[in-house]
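Let's take a walk through this model together, starting where the chains touch and then moving into the helices on either side. Keep the structure open as you read, so that you can find each part as it comes up.

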Amino acid sequence: MIKCVKGTVSILSVLLMLFYILSRAGQLAIPEDFDSDVWASYYAEEDNTINTVLIGSSAMYRYWLPTRAYEEQGFTSALLATAGQDIRLIPYTMEEAVKSQDVDLFVVEIRSAITRGNVEEVGSDKLNYRLEVFATGMKPSMTKFRMIQNLYDADESKKIELMFPILMFHDNLLQYDKEEILDRMDEKTDEYKMTRQKSTFKVKKRPELKASSERYLTDEILGYVDDIEKKADELGVDVLLISTPFVANEKQGAMQLELDAYLDDQGYTYIDFNSGEDVIGLDYSTDFFDGRHTNVAGAKKFTSYMAKYIKENYNLKAELDGEAEKNWTDACEAWSLEEEEMMAKWRKSVEGK
Amino acid sequence: MSVISYLFIVFLICTLIIYYIMPGKFQWIVLLGASLVFYGYAGIKYLLLVVTEAVIVYLFSLRMQKSLDEQEILARDADRRTARKIKNTEKVKRKKYLVAALFIVITILVIFKALGFLIENIKRFVPIDRIQDIPDFKLVAPLGISFYTFMIISYLVDLYNGRISAQRNFLKYLTYVMYFPHVTQGPIARYEEVGHQMWEHHRFNSDVIMRGVWLIIWGAFKKMVIADRISAFTTEIFGDVFSYKGMIFWAVGIAYSIQIYCDFSGCMDIMRGASECFGIVLGENFRRPYFSQTLPEFWRRWHISLGAFFREYVFYPVSTSKLFLKLNVKIRDHIGNVVGKVFAASIPILCVWILTGLWHGAVWNYIAWGLYHGILICMSTLFEQPLDRLTHRLKIRTECASWQIFRMLRTFVLCVIGRLIFMGQGIGSSIWMIRSGFTDWGKVYDLVGDFTLAQGEWSVILISCIVLLAVSIAQEILERRETGEDIRGWLMRQNVWFRWLVMVVGISSIVICGVYGSGATKAFIYEQF
């Protein structure tokens, strides 16, 4: 009996040790890519210091400046947004996000529902790739396991590799030099709190959205939105759905209105910045760097408006200890310098237009 | 199913669980089921072919067993002379069955492995229109055909000689032929070595499993960390030999020698380790061959089961056949006793080596490689005594380490030249590599800058080779002490945490430094033979 218990304990210890080593090595091996590093930056934030988590595609990280929201309204926020993020990933992201943070509010960018409506154009290979990029940085857990099992369209071997990134990216460890590995071992928060901005602009025009008689968004797609609400209920966290402003084409415009109608019908808390009047005060001729994203000037306006809205409606307040507070103050300073430089570039290009 | 895939790990764990849950007398059925699944995974049509071959051989083996039984009954009360007569009569009867069965299995082997080569070369050397019209012929050989065919041959010949009794239960016989740890790449296990182990009851024993797992990890390390990492370099050069010249061919020859050893012995260790987890011990196929001081010794340490097969079933039968003995006498009569003796001894050696080359595939390079080794072994036999006399006269201390290391290096260099013959894409490219390796010493390459492997990868190769060398030396020392203990035995005596630590370090090294996953080749070199 004692031998059996000893054997079981030693096997479990070994498995745990192996699991730890391989998980850590996996974090070091993942490709050096902003989207893959989203989770690393999130996990690096001190536990229970984030009030709001903003989830979605690039339509979130191009619009939101966490340091600005902190400075203006006094609450903290983190971005779990990656390029072309699939709407189906959002409930799993929410589930993972609350493991290390006592989140008060999820802000979910819902434009991905429209992308999903165009899934044939996006292509399942691309969706798979985007899921790979997003999932590699996630720590191995049951949440990640279910996400991969349910959403990753690949054979079992690939699923196992995505679950444990060391299996997929181990070769990188032989390519990185010592400094790169040491840098990766040093778990630190992102200097600018994961925002990604551009200082260029393109002249755009605010579109007028027109409804179509055709129905683009299927029940399946709308069901994904319901899943987000259900997950928020399950986790006991408020959720605010938003559609960030963009220059929609005719079909996208029709889908946007279709989505608005559905969400309104369901009674979900939702803001669409594309229909109705422009409450943010964006200048479409200078505040966008392409038809789908704002530049740094647009992001400033958007963040100021949204942060105020969140503060007024959810009454969030950062409760930070000394170290976490210093971390946010440093980020604010760093971003402020960067923003100044970007704004100068932006102004120069606008003036020279 | 590749033995270095996730699927194989799952397959092995599931099979082990079922195997140890099953009552002892049914355990072999689990092995049969697992073997059918394992082989069938490569293609049902090949599975059908192996099973059909097994049925045919099984039927012939029953006839041979009947003859053996009759011989025993008839000779029981007979006098010596009559008994010998009965024995001869029955042997003639059995020989018919043996020849028929051998004809079938060898024909199938030749069809799959050599027919394309034969047609191609007949067309090349016989300029007759009708022959030229024969279409080119290339069949994809079933997995491990060379290995299981040799196992079947050994079974038949041993049965013919009365060394074993035929297995009357067809399914048990099929389990022996198809046993998944040896069906694809050997070792070419003789029925008398493994048969009885398969039908025995094996109780679960964690120590046995641990020993097996260690061997699997060590094999996977050799295959995935060393062989597959080196492969990128060797493939690059062997794929385009005429673009390179000079010393690089020595480098690639050495690299390939390490690669093929780690690839093949790595596979053997994985298979033997898997088999040991079931309590079935398969024979060793490699005993650190690069520590050999002579080529004959090298071949007693490299692919041991194939060497033993050829010695047992080709060399001895040929050299003791009536025809050969007559030839031997005639040669001695014509060219004198001393030279005639050497010449006569060389014929069976060359036969064995040409066959060994052909066994790898009907390709001129393989035949030339076989011939090269055959000639070297004949020469080592021929010059053995004069060289011994010379070392004695020069007062060389043959027992000192430096002399032994010199002999090991000399044997290794001869092997490296053999590898260049083996790996050429035609005889011309082999000649180019060897000639250029000896003559164009001026050309220098940068191993990091001129080839695909990055510096980190070369470092992994170097460190792993040092580990391989250290483990091999340790094992060699243990074996020379003749204590009967191996490295795994030594590990088993250590503290439990140390044992687990070795396992964790082993697995982590493979996971972090191994070549696997998307884009990595999972094939073993000897799988194609």
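A good place to begin is the interface: 16 residues of chain B are in contact with 18 residues of chain A. Do keep in mind that this is a predicted model. On the chain B side, helix 20 (455-480) and helix 22 each supply at least two of the residues that touch chain A. Helix 22 of chain B gives the largest share of that side, with eight residues. Sorted by class, the side of chain B that touches chain A has ten nonpolar, five polar and one charged residues.

Let's look at that main contributor. Helix 22 of chain B covers residues 496-513, which is 18 residues. From its first C-alpha to its last it reaches 26 Å, close to the 26 Å expected at 1.5 Å a residue. Which residues of helix 22 of chain B are buried? They are B:I510, B:V511, B:I512 and B:C513.

The other helix named at the interface, helix 20 of chain B, also has a partner within its own chain. Helix 11 (residues 206-238) of chain B packs with helix 20 of chain B at an angle of about 130°, and their axes are 10 Å apart. Angles over 145 degrees would count as roughly antiparallel and those from 65 to 115 as roughly perpendicular, so helix 11 of chain B and helix 20 of chain B are oblique to each other. Their crossing is left-handed. To find the contact, look in helix 11 of chain B for B:K222, B:V225, B:I226, B:R229 and B:I230, which meet B:E457, B:V460, B:I461, B:S464, B:C465 and B:L468 in helix 20 of chain B. By class, this contact has seven nonpolar, one polar and three charged residues.

While you are on helix 20 of chain B, find B:I473, which belongs to this helix. Is B:I473 buried or exposed? It is exposed, because 12 other C-beta atoms lie within 10 Å and a residue with 12 or fewer counts as exposed. B:I473 and B:P187 are 286 residues apart in sequence and 23 Å apart in space, C-alpha to C-alpha.

Now cross over to chain A, where another helix pair is waiting. Helix 4 (residues 66-73) and helix 15 (residues 296-314) of chain A pack at an angle of about 50°, with 9 Å between their axes. That angle makes helix 4 of chain A oblique to helix 15 of chain A. The crossing of these two helices of chain A is right-handed. Here A:R68, A:A69, A:E72 and A:Q73 from helix 4 meet residues of helix 15 including A:K300, A:T303, A:S304 and A:A307. The residues of this contact divide into three nonpolar, three polar and five charged.

Our next stop is helix 14 of chain A, residues 250-266. Its 17 residues should span 24 Å at 1.5 Å a residue, and its end C-alpha atoms are 25 Å apart, which agrees. Among its buried residues are A:G253, A:M255, A:E258, A:D260 and A:L263. Just after helix 14 of chain A comes A:G267, whose phi is positive, near 80°.

Finally, look for A:Q149 in helix 9 (residues 142-151) of chain A. A:Q149 is exposed, with 11 other C-beta atoms within 10 Å. A:Q149 and A:D287 are 138 residues apart in sequence and 40 Å apart in space, C-alpha to C-alpha.

Technical notes
Residues are numbered from 1 along each chain as its sequence is written. Chains are lettered from A and ligands numbered from 1 in the order in which they are written. This is a predicted model: local features need pLDDT of at least 70, side-chain atom pairs count only at pLDDT 80 or more; totals for chains, interfaces and linings use all residues. Axes are lines fitted to C-alpha atoms, for helices over the stretch in contact, and angles run from 0 to 180 degrees between N-to-C directions. Helices (H or I, at least four residues) and strands (E, at least two) are DSSP runs, numbered from the N terminus. Angles under 35 degrees count as roughly parallel, over 145 as roughly antiparallel, 65 to 115 as roughly perpendicular and the rest as oblique. A crossing is left-handed if the near helix is turned anticlockwise from the far one by less than a right angle, and right-handed if clockwise. Two residues are in contact if their C-beta atoms, placed from the backbone, lie within 7 Å. Ala, Val, Leu, Ile, Met, Phe, Trp, Tyr, Cys and Pro count as nonpolar, Asp, Glu, Lys and Arg as charged, and the others, Gly among them, as polar. A residue is buried if 20 or more other C-beta atoms lie within 10 Å of its own, exposed if 12 or fewer, and partly exposed in between; C-beta atoms are placed from the backbone. The expected span of a helix is 1.5 Å times one less than its number of residues.
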